[in-house]
Amino acid sequence: MIRSYFKIAWRNLLRHKAYSAINIAGLAVGIAACLLIFIVVQYELSYDQFQKNYSRIYRIVTHTKTSDGGEQYNPGIPTPAVDALKTDFPQFEKIAAINSTYGSQVTVLGDNPNSDVATSKKFIEDNNIVFAQPEYFDIFDAKWLAGNAQVLSDPTSIVLDKTSASKYFGDWKNATGKFLKLDNTVLLKVNGIIDDIPKNSDFPIKGFISYETFKRYGERYGYSKEWGSLSSNHQVYVLLPQHVNVATIKSQLKTFTTKHFNPNARNKTEEILQPLNEMHFDYRYGTLGDHSSSKTILWTLSLIGILIIIMASINFINLSTAQAVGRSKEVGIRKVMGSSRGQLIGQVIGETFLLVLLSIVLAIIIAKVSIPYLSNVASVPKDISLLSTGSVLFLLVILIVVTLLSGTYPAMIMSGFQPVLAIKSKISSANIGGLSLRRVLVVTQFAISQILIIGTIVAISQMNFVRNADLGFNKEAILILPSYSDSANLARMKPLKDQLLQNPGIVSVSFASDEASSDNNWASNFAFDHKDDEDFPTFFKYGDEDYIKTFGLQVIAGKAYSPSDTIREVMVNETLMKKVGVTDPQKMIGKQLRIGSGHWLPIVGVVKDFKTNSLREEIKPLTITSARNNYFTLAVKLRTNNIASTTAQVQKLWERTYPEYAFTSHFTDETIERFYRQETQLSLLYKIFAGIAIFISCLGLYGLVSYMAVQKTKEVGIRKVLGASVGSIVVMFSKEFTLLISIAFIIAVPVAWYFMNGWLQNFVYRIHIGVGVFILAIVSSLIIAWITVGYRAVRAALANPVKSLRTE
């Protein structure tokens, strides 16, 4: 019997090629999109779940409530807290501290620790090198290929992962016992090799240096014995015992904070336990990985995938119930011959199963072709697996669910035909109870499409606003290079700058701590006008006397500070000025400001507010001053007529100045673009899914109009004989769908506004969702629908009426 079902299903599929193609195409595209979404969501949710102690690993982070009501989130804790935690929390099974290094240079010395640094191979590592205590490997899993965790007790030791060891020495098996130098200062010996850490980890660490080395070179890498010194680079992880009461530990941490931090301070600091399973999804504290994810976005993507599958299923239901009239005689004859209702239902479900199975096969092919491009719209590796155990199970669920979702209603309709009416062809689309449902389903399809269209318009508009927003400075053609402020390199700064300024392709040059807009949040307490410390911190930008000119900052009062190697004069921004109660910029000139417990410094200028961070954040109170020891970048403003050639000349001069360092560079506009990588990806995803939704809707609409054209062949012929124009016939086909799309729009508007307005709240600076967004959405939907309906309607209207009436 089952064999018979599939044989008949195959014949029906071939007999109705056009409708079968529409159904298979819609389902295949929908399932392919859903499969890719599943792969992305599964990958993001899998972060670090391979750790055997996954549920017992916690990070201790710092949360501060400022006296003005603000909140600060820092993933680090003060370095003295490590020993204090070991003393105060003996119940911790393991505790380990790490300290990240950013932009460190690794120089490969090989067998000879005295090799010439200038001629040795050099590599720039972003945040992949950390100082770590041996206990780190008691908390986190690692497969040791050579050595063990105890080698990190040696201050000169470094442990490399397999890929890095091969990169540095050709073959990881030859790496043990070889020498490296970190930042041309720290001599290290390779004493251990571990297997590569999986890509779905927030700990993509390539090298582990002994934590004792961090203590030895404390000043360079931020080691401090002060409880008031806090860096996001210095993080602590703990392994809790099984079945421990986490609430009790959290309560004890509050006591710990009160004991070691000043309880009378204006800003209230609190140490908090953050579980490993929340790290990847909490952007406030960040991770060592290249991105944090958002569960809200993941659930939104999942919902979009479900909606797309529903839309594809709606196509099937609409076309199947429409075709049911044409199969009424077949159903009537089967019932007369003794077929039960259950057998008829089984036949329709079997046909649906075959069609969905073919769609899944095609969907896998589409997904296979698409997966190399998936990394452009999501933070997944390019070699991510398509058919894993999880995705195969997902496709099996899709096969069952879509078969039942798409086949159940048509099966119930067709199996319910009365044999007498069916054989006499008395069954019509108006009396099988499917007309109203089909209208509801068409409205549902276009409501989903318009929600995605509105979402796409809002996302694109916001990202265009971000890219074109007035940042308060000139970001164009500013080349950023590394600079070195240690005693050995300070003497090279001025000669390098003088030589650069001789190049006619260069406008200006400035040594600085960082760019005008960056993720730097260097801050300190301060006092203004010989009063007590303010109840909010000031943030810093350090730069030489050409910093203002290079980044095009606007001075609204006073002047730029005079050339100096140390802090002697300062400038402030409008935000700081207003927060200290001054409204007139001219009145700030001559006032004094004290940083920390230092001496009083004259304020010589006020700059117009500019965006120091991303547009998600408010502008911070800022102090700009000179301090040559804090110059870690070199900003070079280029003329735009020959950027490539000038950049090459800059690189050549830089490499001649710093032969012992590896060259690396980027432009300021690239830094700003990186701020919004996740939003840019989401905007692109909206475009893709809106396009898929429109494609599926149009397929279904075309199928329904095609069916209507066949059903109304005689009516169209009579209308034409009686003098109806082509336009009036097209309107006859189009008016009902226009009404349904308008109803869908009314449903879509509040839903889309709710979700997209919530998304925009992530930005301090954002667009307003105006009426124009909704007008554009409904107009585009109507145009797409009219084109889809109009094409098929015009074909029907242009048919020869004589032939139409004869065939009827």
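This is a friendly chat about rings, a helix and a pocket in a predicted model.

Reader: Hi! What kind of model is this, and what counts in it?
Author: The model is predicted, so local features need pLDDT of at least 70 and side-chain atom pairs count only at pLDDT 80 or more, while totals for chains, interfaces and linings use all residues. Residues are numbered from 1 along each chain as its sequence is written, and side-chain values use heavy atoms, with hydrogens and water left out.

Reader: Cool. How many aromatic pairs does the structure hold?
Author: There are 29 aromatic pairs. Rings of Phe, Tyr and Trp (its six-membered ring) pair if their centres lie within 6.5 Å; planes under 30 degrees apart are stacked, over 60 edge-to-face, and the rest tilted.

Reader: And which kind are Tyr658 and Tyr661?
Author: Their ring centres are 6.0 Å apart and their planes are at 85 degrees, so this pair is edge-to-face.

Reader: Are those two buried or exposed?
Author: Both Tyr658 and Tyr661 are buried, where buried means under 20% relative accessible area, exposed over 50% and partly exposed in between (1.4 Å probe, protein chains only).

Reader: Which residues do ring pairs link into a cluster?
Author: The cluster contains Tyr136, Phe137, Phe140, Trp144, Phe203, Phe208 and Tyr237.

Reader: New topic! Which residues of helix H20 are buried?
Author: In H20 (residues 668-675), they are Thr668, Thr671, Ile672 and Phe675. Helices (H or I, at least four residues) are DSSP runs, numbered from the N terminus.

Reader: Why do they line one face?
Author: Seen down the axis of H20, the buried residues fall within an arc of 95 degrees, so they line one face of the helix. The arc is that of the directions from the helix axis to the C-beta atoms.

Definitions and conventions
Helices (H or I, at least four residues) and strands (E, at least two) are DSSP runs, numbered from the N terminus.
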